[in-house]
Amino acid sequence: VQKSLASQFPQKVVFGDYSAESNPYVSTITFRDFSGGLGKEVGEFPKDINRYFWSRGAITEVPGKVFTGPPQSTVTFGNNSTAVDFVISQNVLYGAYEDSGVGGPGLVQRLSGVGGSSNIRTLIAQPTDFQAGMLNDTITLAVATSSGVDYSNGPNDTTWSRNTTPMRYLAFSEGNLFGVNSSGQFFVTPNLGSSWTELAKFQLTSSDITGLIPGPQADGRETVYLASRYGLHAYDRENEQFVPTPLQLGYASNAGDATIEWRGAVYWTSGEQVYRLTPGSPAVIEQIGPNMGVDGVPIQGRIVAFTKSPLHLYALYDNTTAPVPFPRFFVLRYNGQSWHMHAAAQISNLVPLRPTIAAGLVNSSHAVFVGTGGGANPNAAYQTWPYPIDTVNPRRSATQNTYDTFFDHFVSTPWIRSEGDQDWLALHLIVDSIHPSSSDRIDVQYLLNFATDDTNSTSYVTLGTVRTTGI
């Protein structure tokens, strides 16, 4: 319950110069920041004075300035499938899909990069995890299923084999492949052509285990973390057992949906919150948003997947209650200090049932990839946004000469009308733009009664269009 004072205040008494601030019926709000908000429907002024309550994403890391987002492209292919995981290896984007409808319950596909797009492996069970890493001094692709681990190593990704030990999650670490099965048994192998070695057993049900992640331990060596609905556990190599880290928060149904190592720390989610565990003596646990303070992005939903680049941590955010016309899925980026909107997944009639995200070098270009599948449209697809982003000189990069054709920021204002002889809501907009054109323009629009009219974009009334530099 949020309480607010709605009573009439005494009229202002003005001495001296009269200005807009002196008007007893006007409340002036000045937005000086364009950091996007997600799901923030009521402003808590003055705390949220610089927040837009809904947005589709833009480049906002330069204070007080906003650029249109990176150009977006969509690739759709004809498999009736649902994305499980993406991996990027050797300049190629790969995807693991379930319910592929091509002769088996699962499929591995080369999506983009060297060799072009093609189906490279039909699975005999649905994939539960897909990883790439070094094993026996060879780059290896490995897909976990309830019937074993399908793998390909070497330069030819069309040659595959199967290890028949069932696994649920996989992690490459220090030249070995670690795995955990549906009963919580932990394994390791240096070669998928040989048998696995049993290690510790984690006493949780399969639905409570959410992933394996390589990451640093307190002495700087790499170990493997097990993510769960309860928190993070680290594997103790010397004593061959899992030990709880200080990051233990109790059970939550959506905790641990996304976990990743980035810049020497492990990031773990619980709903819309991200926790950072930095190993050490003692270990440090921090809440880093994205819904906290002025450096956060006010959101309402949960983070379902992570990926990383050298400059940013990317989070795929899911808001199942997003109103029309707002997309359900957004990509947020974290630069180590603050969160920003990156882009919105805008695939028409295509809802990711098990969304996945990856970032890396494909076809000699760095990009963020979001995989989707299922929903009203049976075809699987993925969307692409290039990075890095030059926020100082945004037109210098060749990948930024073309911008996203559509982005927007929404302000929801509760003061639509007043009673008696008071005026209705009045908006005075000042737009300061740089290098717009007849095609790259800014349209300022408004819509009354947003809750009922938001399904009809023609209800928006255009106040003006900005096509020239200046105010």
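Is R302 buried, partly exposed or exposed? In this predicted model, R302 counts as partly exposed, because its relative accessibility is 30%, a value that lies between the limits of 20% for buried and 50% for exposed residues. The surroundings of R302 are described first, followed by the sheet, the nonpolar cores and the backbone of selected loops.

Side chains of opposite charge can pair when their charged atoms come close. The structure holds 10 salt bridges. In one of them, R302 is joined to D257, with 2.5 Å between the closest N and O atoms. R302 belongs to strand β23, which spans residues 302-308, and D257 belongs to strand β19, so this pair ties together parts of the chain that are 45 residues apart in sequence. D257 is itself partly exposed, because its relative accessibility is 22%.

D257 also forms a salt bridge with R229, and here the closest N and O atoms are 2.6 Å apart. This pair again links distant parts of the chain: R229 is situated in the loop between β16 (222-228) and β17 (231-236), whereas D257 is in strand β19, 28 residues away. R229 is buried, because its relative accessible area is 15% and the limit for a buried residue is 20%. D257 therefore takes part in salt bridges with a buried arginine, R229, and with a partly exposed arginine, R302.

A further salt bridge is formed by the side chains of E286 and R276, at an N to O distance of 3.0 Å. E286 is located in strand β22 and R276 in strand β21, so the pair ties together parts 10 residues apart in sequence. With a relative accessibility of 31%, E286 counts as partly exposed, while R276, at 14%, counts as buried. In addition, salt bridges with shared partners connect E174, R221, R237 and E238 into one network.

The loop that holds R229 joins two strands of a sheet. Strands of a sheet pair through backbone hydrogen bonds, either parallel or antiparallel. In the present case, 4 strands form an open sheet in the order β15-β16-β17-β18, and their pairing is antiparallel. The edges are occupied by β15 (209-216) and β18 (241-248), each of which pairs on one side only. From one strand to the next, the twist averages 30°. Between β16 and β17, the antiparallel pairing extends over 3 bridges. L226 has H233 of β17 as its bridge partner.

The loop between β18 and β19 contains G250. This glycine is partly exposed, because its relative accessibility is 34%. When residues up to four places away in sequence are not counted, G250 touches R229 and Y230. The C-alpha atoms of G250 and Y230 are 4.8 Å apart in space, although 20 residues separate the two in sequence. R229 thus has a contact with G250 as well as a salt bridge with D257.

The nonpolar residues were examined next. The largest nonpolar core has 17 residues, and those with the most contacts inside it are Y267, V274, F306, L313, Y334 and W339. At least two residues of this core are supplied by each of the strands β19, β20, β23, β24 (313-318), β25 (329-334) and β26 (339-344). Leaving aside neighbours within four places in sequence, the contacts of F306 include A258, T259 and I260, together with Y267, V274 and L313. F306 is also in contact with T269, Y314, A315 and I357. Another core, of 15 residues, lies apart from the largest one, and A171, F186, V188 and Y235 are among its members.

Three loop positions have notable backbone geometry. The peptide bond from S281 to P282 is cis, with omega near 5°, and P282 is placed in the loop between β21 (273-278) and β22 (284-287). D137 is not a glycine, yet it has a positive phi of about 60°. This aspartate is found in the loop between β7 (127-135) and β8 (138-145), and it counts as exposed because its relative accessibility is 73%. R263, likewise a residue other than glycine, has a positive phi near 55°, and its position is in the loop between β19 (255-262) and β20 (265-270).

Note on methods
Residues numbered from 1 in each chain as written. Predicted model: local features only at pLDDT ≥ 70, side-chain atom pairs only at ≥ 80, totals over all residues. Heavy atoms only, no water. Buried < 20%, exposed > 50% of the residue type's maximum accessible area, 1.4 Å probe, protein only. Salt bridge = Lys/Arg side-chain N within 4 Å of Asp/Glu carboxyl O. Pairing = 2+ DSSP bridges. Axes fitted to C-alpha atoms, helices over the stretch in contact; angles between N-to-C directions. Core = buried A, V, L, I, M, F, W, Y, C linked by side-chain atoms within 4.5 Å. Contact = heavy atoms within 4.5 Å.
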